[in-house]
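Work through the following exercises with the sequence and the model at hand. Each task is followed by a solution that goes step by step.

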Amino acid sequence: MEEIVRELDRLMGQKEFKKAEALLVYCREAAVQNGDKAAELSVCNELMGFYRMRSMEEGFRLAWQRTQELLSELDVGDMSRGTILISGATGLAAFGRAREAVPIYQKAYGCYLRRLDAGDYRFAALFNNLSASLADCGEFSQAEEHIRMAISVLEKLDHHPDLGTSYVNLAQLYARQDREDERVNECLDKAMACFDDPEMRWDGYYAHTAQKCAGAFAALGRQADADELEERAEMIYEGT
């Protein structure tokens, strides 16, 4: 599976999307022919991510349907099950199915809770994603609670850019309810403080995170900060 993922990453990096899909479809068909349901599940998980990123809802729907069938048939460990459930929930949320995504995220949380320390960084990503779906369902207080849970995890880690993401998410949540809420800029200030941390490593993940958050800064009226984050991302990518 590692070789498949490497080739998939190469094709995606070259924007060879049709070839990437063909590779995954071929691998899934080969797994089915070999009766290897574990391999089929791994490929279905990759297909869900691919179709989500390519905004191909029907492809995602079919991959998610088969994934659920395989999860019910196979004895999948908690960590793998949790990760696959998060992939499914993220896809559901991306296609406007937040109410379906919430209980899937909650199942994933149960899987992780049985295997991970409560302070593990993976909980922060889960809480942030769950928060977004809760907000889409109009559950703003629960959404805020989960972002703060993510922040609580990340504050205990050393110089993690996802802390900046969490503060941006919180700013967006406040703005969604009241664009004039003074907490919007307070949260964005905290986010920039995270990105400005001199001890934070400027690597590919920092660039990805900065670029992802730049759009939110621009949308919330902080164009100068958005431009700065974009420039930092470009500097990192050019240097790699």
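**Exercise 1.** Decide whether Arg54 is buried, partly exposed or exposed, and describe its surroundings.

*Solution.* Buried means under 20% relative accessible area, exposed over 50%, and partly exposed in between, with a 1.4 Å probe and protein chains only. Arg54 has a relative accessibility of 35%, and therefore counts as partly exposed. The model is a predicted one, in which local features need pLDDT of at least 70 and side-chain atom pairs count only at pLDDT 80 or more, while totals for chains, interfaces and linings use all residues. Residues are numbered from 1 along each chain as its sequence is written, and side-chain values use heavy atoms, with hydrogens and water left out.

Next, place the residue: Arg54 belongs to the loop between α3 (37-53) and α4 (57-73), helices being DSSP runs of H or I with at least four residues, numbered from the N terminus. Finally, look at its charge, which sits over a ring if NZ of Lys or CZ of Arg is within 6 Å of the ring centre and within 35 degrees of the ring normal. Arg54 lies over the face of Phe17, 3.7 Å from the ring centre.

**Exercise 2.** Which residues of α10 are buried, and how are they arranged around the helix?

*Solution.* Begin with the length: the expected span is 1.5 Å times one less than the number of residues, so the 13 residues of helix α10 (residues 183-195) should span 18 Å, in agreement with the 18 Å between its end C-alpha atoms. The buried residues of α10 are Val184, Cys187, Leu188, Ala191, Met192, Cys194 and Phe195. Viewed down the axis, these fall within an arc of 150°, so they line one face of the helix, the arc being that of the directions from the helix axis to the C-beta atoms. Their cover includes α9 (162-177), α11 (204-219) and α12 (223-239).

**Exercise 3.** Classify the ring pair of Phe123 and Phe127.

*Solution.* Rings of Phe, Tyr and Trp (its six-membered ring) pair if their centres lie within 6.5 Å, and planes under 30 degrees apart count as stacked, over 60 as edge-to-face and the rest as tilted. By this rule there are eight aromatic pairs. One of them joins Phe50 and Tyr51, edge-to-face at 5.4 Å centre to centre with 70° between the planes. For Phe123 and Phe127 the centres are 5.9 Å apart and the planes at 20°, so this pair is stacked. Both lie in helix α7 (residues 121-136), four residues apart, about one turn of the helix.

Terms used: Helices (H or I, at least four residues) and strands (E, at least two) are DSSP runs, numbered from the N terminus. Contact means heavy atoms within 4.5 Å.
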